[in-house]
Amino acid sequence: MAWNYASFALSKGVVLITMAVLTRLLPPETFGIVSLATIIISYFSLLQDLGLGSALIQQRNDVQEAANTVYAANLVIGILFFLFTFAIAPAVAVFFRAPAVEPMLRILALTFLIDPFGSVHIALLQRDLAFRKKLIPDLGRLLIKAVVTIVLAVKGFGAWSLIIGQLSSSLSGVVLARIALRQKLRMRIKKPQLGRLLKFSIPFMAFNLINALVSNIEFIVIGRTLGDAALGIYSITYRIVDLLIMNVWVVLAGAMFPALATIQHQPHLLRRAFLSVTQYVQVFIVPISLGLIITAEPIVKVLLGAQWLGAIPILRLLPVAFLIFSIGTTAGDIYKAIGRPALLLKMGILHIIILIPLLLVGVQYQLVGVALSLIATAFLVKIVHLFVIVRVIGVTVSELMRALRPAFVGGTALTIVTTPLVYSIGDQPPVVQLLVAGVTGAAAYFGTLWLLEKEVVIKGANTILDAVRR
């Protein structure tokens, strides 16, 4: 577990530093035009293995045979996605009214041919909880991408520095994954094995289809309606929030799903695990979310630079939506662990039904309207999601509220102390504002937890120490 946390911290640190450099070298319009191409790639990438990677992680028997089957299937699927993406590139460019998207999309489509050569190795490392080895491809590909992209941006390659950097990430990721796990795989599809894997993965794949649409729909609407510069500002702001909030629960889920699969037939342990993870996810996410909201202006000035000031109001709103979505979100890993991924599909369908009309109204009010539509969607979807959690996992509302209480008590103290402080030192340099607000906010938050929820702090510290020892 400690290596999973190390991979998370180091990789996100690299991404933030790279972002801080590139946003000073490239304007929002450049990030926007590249985002138009990566929207399509991101959408198809979530579907690329048909959910077979998750099915392989859940597999308990005949793992080698299953790995061979997934390996061969992924290569076939990758070829099909490459050909399809290559063919639709002109239509995508016409849709976005951006001719430059066509060659970019066709070059990025090469990732569909590259990634399958390492995806099974990554899934096997995750299945075996080998996070120390998984750190090699996770961090290595980011470092290589950062160096390639920054060097090309300095040399004036513009948008193509981002495109070539992404290709270098895919290629290096495959090489490093195969170095980390030297397991020989054969392109051999066993029909009975494929059938068993698809039985698990098809509902999961359908959820990925909906989730991909949910994750990318606002980028499509912004790119089509508001233009390159607006999309560039939104995509970078979204990435900051994604890195600092969503990835906290994603890294926990990455370690949680393989472990949950081993206790999938023990409901009382699953319920206890869900409540425990929910509590500690919120203990981390609440202060990060509130910190982004309160210090949005100095963050943008320090991290992105003067040409990105349009991101400030968006950075104050997006964390609200992410915070709402984060509550109980690890329930999805329990649905997968107990073999009920269809629940994820149903929640995804509900999400898209609510999101699309709200988004189409919100975009009329520029980027702020888009962010507000995400907040409204998060609130409505979460009400239904919590009802499902209570029914399926067997937790009570009072148990869930007790799990959430420490984070929200500490968050209240953080907000009361930090908000007036930030406004009172608004004439200071942005770096000073961030340092003062960060130290004061952390002291208020964890000090309140220590005074009112000491048991949670002690238990959390012991959990972290146990993880480090492992």
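Q: How far does helix α19 reach from its first C-alpha to its last?
A: In this predicted model, α19 has 23 residues; a helix here is a DSSP run of H or I, at least four residues long, numbered from the N terminus. The expected span is 1.5 Å times one less than the number of residues, which for α19 gives 33 Å. The helix comes close to that expectation, with a reach of 32 Å.

Q: What pLDDT do local features need in this model?
A: Residues are numbered from 1 along each chain as its sequence is written, and side-chain values use heavy atoms, with hydrogens and water left out. Since this is a predicted model, side-chain atom pairs count only at pLDDT 80 or more, totals for chains, interfaces and linings use all residues, and local features need pLDDT of at least 70.

Q: Which residues of α19 are buried?
A: Let's settle the term: buried means under 20% relative accessible area, exposed means over 50%, and partly exposed lies in between, with a 1.4 Å probe and protein chains only. By that rule, the buried residues of α19 are Q433, A437, G441, A444, Y445, T448 and L449.

Q: Which helix supplies the largest share of the lining of the second largest pocket?
A: A pocket is found on a 1 Å grid over the protein atoms alone, as an open set of points with protein on both sides within 12 Å along at least five of seven lines, where a 1.4 Å probe fits; lining residues have an atom within 4 Å of a point. For this pocket, α12 (267-294), α13 (296-303), α18 (397-424) and α19 (430-452) each supply at least two lining residues. The largest share, 6 residues, comes from α19.

Q: What is the volume of the second largest pocket?
A: Grid points are joined across faces, edges and corners, and a volume is the space filled by probe spheres set on the points. For the second largest pocket, this comes to about 530 Å³.

Q: Of the residues that line the second largest pocket, which are the closest to its centre?
A: The lining has 19 residues, and they divide into 14 nonpolar, 5 polar and no charged. Here Ala, Val, Leu, Ile, Met, Phe, Trp, Tyr, Cys and Pro count as nonpolar, Asp, Glu, Lys and Arg as charged, and the others, Gly among them, as polar. Closest to the centre are L244, L292, T295, I299 and L434.

Q: Which helix gives the largest share of the largest nonpolar core?
A: A nonpolar core is a set of buried Ala, Val, Leu, Ile, Met, Phe, Trp, Tyr and Cys residues joined through side-chain atoms within 4.5 Å. Of the 97 residues in the largest one, I33, V101, Y234, L304, L315 and L318 touch the most other members. The largest share of this core, 11 residues, comes from helix α11 (residues 228-261).

Q: Which residues does L315 touch, not counting those up to four places away in sequence?
A: Touching, or contact, means heavy atoms within 4.5 Å. With sequence neighbours up to four places away set aside, the partners of L315 are T237, I240, V241, L292, I293, A296, I299 and V300.

Q: Is G118 buried or exposed?
A: G118 lies in helix α7 (residues 116-127) and touches V174 and A177, not counting residues up to four places away in sequence. Its C-alpha is 7.4 Å from that of V175, 57 residues apart in sequence. Because its relative accessibility is 5%, G118 counts as buried.

Q: Why does V175 count as partly exposed?
A: V175 has its place in helix α9 (residues 159-180). It counts as partly exposed because its relative accessibility is 44%.

Q: What is the phi of R97?
A: Most residues other than glycine have a negative phi. R97 is found in the loop between α4 (63-95) and α5 (101-108), and it is exposed, with a relative accessible area of 56%. Although R97 is not a glycine, its phi is positive, at about 55°.

Q: Which residue just after α17 takes a positive phi?
A: Helix α17 (residues 366-392) has 27 residues and reaches 39 Å, close to the 39 Å expected. Within α17, Q366 has a positive phi of about 65° although it is not a glycine. Just after the helix, the residue with a positive phi, about 90°, is G394.
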